Amino acid sequence: MKHNRMIIIIHWTVALLFVLLFLSDSLRSYSDKGSEIRVFWLNLHAWFGIAVFALTIFRIIIKFSVKSPISLYKNHLMQKIMYGAHVVLYLMTLIVPISGYLRFAGKGRSLTLAGDAVPSLIGKSDSLYQIGKFFHGEVMEVIVLTIIGGHIAAALYHQFIKKDKIMSRIKP
């Protein structure tokens, strides 16, 4: 049984957004501080993060309103591990954008794209900026890459070693 079509679309859209998040952050870091292009990449990165957050909320709503495919695992422990891994993925796609927003908005920055400015909802706040920086910095980048890498490794393990065709469940 395949996942719900909207779940599949959201899954692959979020995967693409994560590629774009890392790309926009890399391009931002190579730009001169204070330059227009650096601000552009930062704003684009923020919009990608907002999209990940919104799609995750939508995916969770859908997940609880439609039937999921039957678990491939008969072992209760493996079902719990899989469930825990999914919880970690969902938490990551919620916590990282929230902390990014705190880091961005805590400095009092306005989010702009296509000339329209969206002011910070929290105003300038050094304490919220520090929280955001702690959860949305280099350490978090390593954690996110590790979680995504683990997710990809598990999918490849299932597809090519266990040969249980798990990838067909999330195939567009």
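1. To read the burial figures, take buried to mean under 20% relative accessible area, exposed to mean over 50%, and partly exposed to be whatever falls in between. On that footing, 31% of the 172 residues of the chain count as buried. Keep in mind throughout that this is a predicted model.

2. On the overall layout: the secondary structure of the chain comes to five helices and two strands. Reading from the N terminus, the order is α-α-α-β-β-α-α, with the strands sitting between the third and fourth helices. The C-alpha trace spans about 55 × 30 × 30 Å along its principal axes. For a feel of distances inside that trace, try Gln 159 and Val 39: they are 120 residues apart along the chain, and their C-alpha atoms are separated by 41 Å.

3. While we're on Gln 159, this residue belongs to helix α5. Buried or exposed? Neither, really: Gln 159 has 24% relative accessibility and so counts as partly exposed, given that the buried class stops under 20%.

4. The second largest pocket deserves a look. About 1100 Å³ of space lies in this pocket, and 39 residues line it. Nearest its centre you'll find Asp 25, Leu 42, His 45, Arg 103 and His 136. By class, the lining has 19 nonpolar residues, alongside ten polar and ten charged ones.

5. Which element gives the most to that lining? It's α2, with ten residues. The elements that supply two or more lining residues to the second largest pocket are α1 (5–29), α2 (36–65), α3 (76–105), β1 (111–113), α4 (126–135) and α5 (138–162). If you're colouring the model by element, those are the ranges to use for this pocket.

6. Asp 25 turns up again in the salt bridge, and the structure holds one of these. The partner is Arg 28, and the closest N and O atoms of the pair are 3.0 Å apart. Why is the spacing along the helix about one turn? Because Arg 28 and Asp 25 are three residues apart in helix α1. So Asp 25 has two entries in this note: one of the residues nearest the centre of the second largest pocket, and the acidic half of the bridge with Arg 28.

7. Now for the outside. Tyr 83, Val 87, Leu 91, Ile 95, Ile 131, Phe 134 and Phe 135 make a nonpolar surface patch of about 690 Å². Two elements, α3 and α4, each give two or more residues to the patch, and α3 gives the most, with four.

8. Take Phe 135 from that patch as a closer example. Phe 135 sits in helix α4 and has a relative accessible area of 35%, so it is partly exposed. Patch residues need over 30% relative accessible area, and the 35% of Phe 135 is therefore enough for a place in the patch.

9. Last, check the backbone in the segment after α5. Most residues other than glycine have a negative phi. Lys 163, though not a glycine, has a positive phi of about 55°, and Lys 165 likewise has a positive phi of about 55° without being a glycine. Both places are in the segment after α5. As for their surroundings, Lys 163 counts as exposed at 61% relative accessibility, and Lys 165 is exposed as well, with a relative accessible area of 58%.

How values were computed. Residues are numbered from 1 along each chain as its sequence is written. This is a predicted model: local features need pLDDT of at least 70, side-chain atom pairs count only at pLDDT 80 or more; totals for chains, interfaces and linings use all residues. Side-chain values use heavy atoms; hydrogens and water are left out. On a 1 Å grid over the protein atoms alone, a cavity is a set of points where a 1.4 Å probe fits but cannot get out, and a pocket is an open set with protein on both sides within 12 Å along at least five of seven lines; lining residues have an atom within 4 Å of a point. Grid points are joined across faces, edges and corners, and a volume is the space filled by probe spheres set on the points. Ala, Val, Leu, Ile, Met, Phe, Trp, Tyr, Cys and Pro count as nonpolar, Asp, Glu, Lys and Arg as charged, and the others, Gly among them, as polar. Patches are made of residues with over 30% relative accessible area and no salt bridge: like charges are joined within 9 Å, nonpolar side chains (Val, Leu, Ile, Met, Phe, Trp, Tyr) within 5 Å. Accessible areas come from the Shrake-Rupley method with a 1.4 Å probe; for residues, only the protein chains shown count as cover. A salt bridge is a side-chain nitrogen of Lys or Arg within 4 Å of a carboxyl oxygen of Asp or Glu. Buried means under 20% relative accessible area, exposed over 50%, partly exposed in between (1.4 Å probe, protein chains only).
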